[in-house]
Amino acid sequence: MLELAYINDSFIPLEKASVPINDRGYLFADGIYEVIITCNSILFGLDEHLNRLQRSADAISLELPASLDEISKIIETGIKKAGFSESMVYIQITRGVAPRRHNYSTGIQATLVMTFRARPEYAPELFNQGVAIITVPEIRWSRCDIKSTALLPNVMMKQKATDKGCQEALFVTADKIVHECTTANIFIVKNDILYTPPADRQILNGITRSFILEQAERHNIGCVEKECYYDELCQADEVFITSSTIDLMPVVKIDDFIINTGQPGPISLRVRNFFPTRT
Ligand SMILES: Cc1ncc(COP(=O)(O)O)c(C=O)c1O
């Protein structure tokens, strides 16, 4: 097993991989990314992740340096070469290497980088007992639907949560409208119905979020995509957060508020069972 990178059309050990200083991803965060994990050796939501990659690319007028089919084949090869029992694939595509200038010319070749690592493990008690999160002012830009590498506000706020011993930081506007966490979407459960903020430009439309909405409908659990307010969050029966790497993690404390009994609730546990069992 070897942590592997794919760069400039070849695979090399991750620690030997580097990109030029003039890469616009490095200089301007002028790039997009995806993270895909395997579950029982199958890439979870591959098509959805690749389609979002294409959407993010289109949204910043970035021409992908390879077709989605080609990218998919590189992913399969990288996973086999790296040899982990379960993998986490990171894909980053930047506008490419050019002398530093904010505007760009159309001629430059986009940089495609991938890394292949073991899927991260989380302590079982995070799922069994639930986690604490904090709320933070919404300081991010107004196109959070693009899975862009411009993640400084997310980095700052995730660190703030970590410093406070919390798992996540939840972006909330001055009007107390709840958006999403720095690396995850949020769901509220009230009277057995799931509520989550709409997939507009204020949040990243999580592949996991969409999977849960689809599964909930299939299992006759009511779901509503609507603007959610901080007060509703604090008075929720249950709250949980979702992303590709965590699936679903129950939230039992937000700032100083204990959610309901302070234990993961039955709907969160039920919805978590919709995911393929992790081995
Ligand atoms: C800001 C943000 N929101 C939501 C998500 C969840 O997206 P997905 O379920 O596609 O992993 C992520 C994942 O990285 C994220 O960074």
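**View A. Ala132 of strand E7 stands opposite Lys253 of strand E15.** The model shown is predicted; local features are described where pLDDT is at least 70, side-chain atom pairs count only at pLDDT 80 or more, and totals for chains, interfaces and linings use all residues. Residues are numbered from 1 along each chain as its sequence is written. Helices (H or I, at least four residues) and strands (E, at least two) are DSSP runs, numbered from the N terminus. Strand E7 covers residues 131–137, and three bridges join E7 to strand E15 (residues 247–254) in a parallel arrangement. E7 also pairs with strand E8 (residues 168–172), in the parallel sense and over five bridges; two strands are said to pair if DSSP finds at least two bridges between them. Val136 of E7 faces Phe171 in E8. Because five of the seven residues of E7 are buried, the strand is largely enclosed by the rest of the structure. A residue is buried if 20 or more other C-beta atoms lie within 10 Å of its own, exposed if 12 or fewer, and partly exposed in between, with C-beta atoms placed from the backbone.

**View B. Strand E10 pairs with strand E14 and with strand E11, in both cases in the antiparallel sense.** Five of the six residues of E10 (residues 185–190) are buried, so this strand is largely enclosed by the rest of the structure. The pairing of E10 with E14 extends over five bridges, and Asn185 stands opposite Thr242 in E14. Three bridges connect E10 with E11 (residues 193–196), where Tyr195 is the bridge partner of Ile188. The hairpin of E10 and E11 has two residues between the strands, and Asn191 takes a positive phi near 50° there.

**View C. Six strands form an open sheet with antiparallel pairing.** The order of the strands is E2-E1-E6-E5-E3-E4. Strand E2 (10–13) and strand E4 (42–43) stand at the edges with a single partner strand each, so one side of each has no neighbour in the sheet. At one of these edges, four bridges join E2 to strand E1 (residues 4–7), and Ile7 stands opposite Ser10 in E2. Helix H3 (68–82) lies across E1, E2, E3, E4, E5 and strand E6 (111–118), running at about 140° to E5. Such angles, from 0 to 180 degrees, are taken between N-to-C directions of axes fitted to C-alpha atoms, for helices over the stretch in contact.

**View D. Helix H2 lies across strands E3, E4 and E5.** H2 (residues 46–59) has 14 residues and spans 20 Å from its first C-alpha to its last, close to the expected 20 Å; the expected span is 1.5 Å times one less than the number of residues. His49, Leu50, Arg52, Leu53 and Ser56 of H2 are buried. Seen down the helix axis, the buried residues of H2 fall within an arc of 160°, so they line one face of the helix; the arc is that of the directions from the helix axis to the C-beta atoms. These buried residues pack against strand E3 (31–39), helix H3, strand E5 (87–94) and helix H6 (207–218). H2 runs at about 180° to E3. Just after H2, Ser61 takes a positive phi of about 50°.

**View E. Met88 lies in strand E5.** This residue counts as partly exposed because it has 19 C-beta neighbours inside 10 Å. Apart from neighbours within four places in sequence, Met88 is in contact with Val35, Ile37, Arg117, Ala118, Arg119, Pro120 and Thr245. Two residues are in contact if their C-beta atoms, placed from the backbone, lie within 7 Å. Met88 and Phe44, 44 residues apart in sequence, are 10 Å apart in space, C-alpha to C-alpha.

**View F. The ligand is surrounded by 13 residues.** The closest are Gly206, Ile207, Thr208, Ser243 and Ser244. Helix H6 and strand E14 (238–243) are the elements that give two or more residues to the shell, with H6 giving the most, three residues. A residue is near the ligand if its C-beta atom, placed from the backbone, lies within 6 Å of it.

**View G. Ala29 and Asn220 have positive phi values although neither is a glycine.** Ala29, with phi near 55°, is placed in the loop between helix H1 (24–28) and E3. With 14 C-beta neighbours inside 10 Å, Ala29 counts as partly exposed. Asn220, with phi of about 60°, is placed in the loop between H6 and strand E12 (223–225). Asn220 is exposed, with 6 other C-beta atoms within 10 Å.
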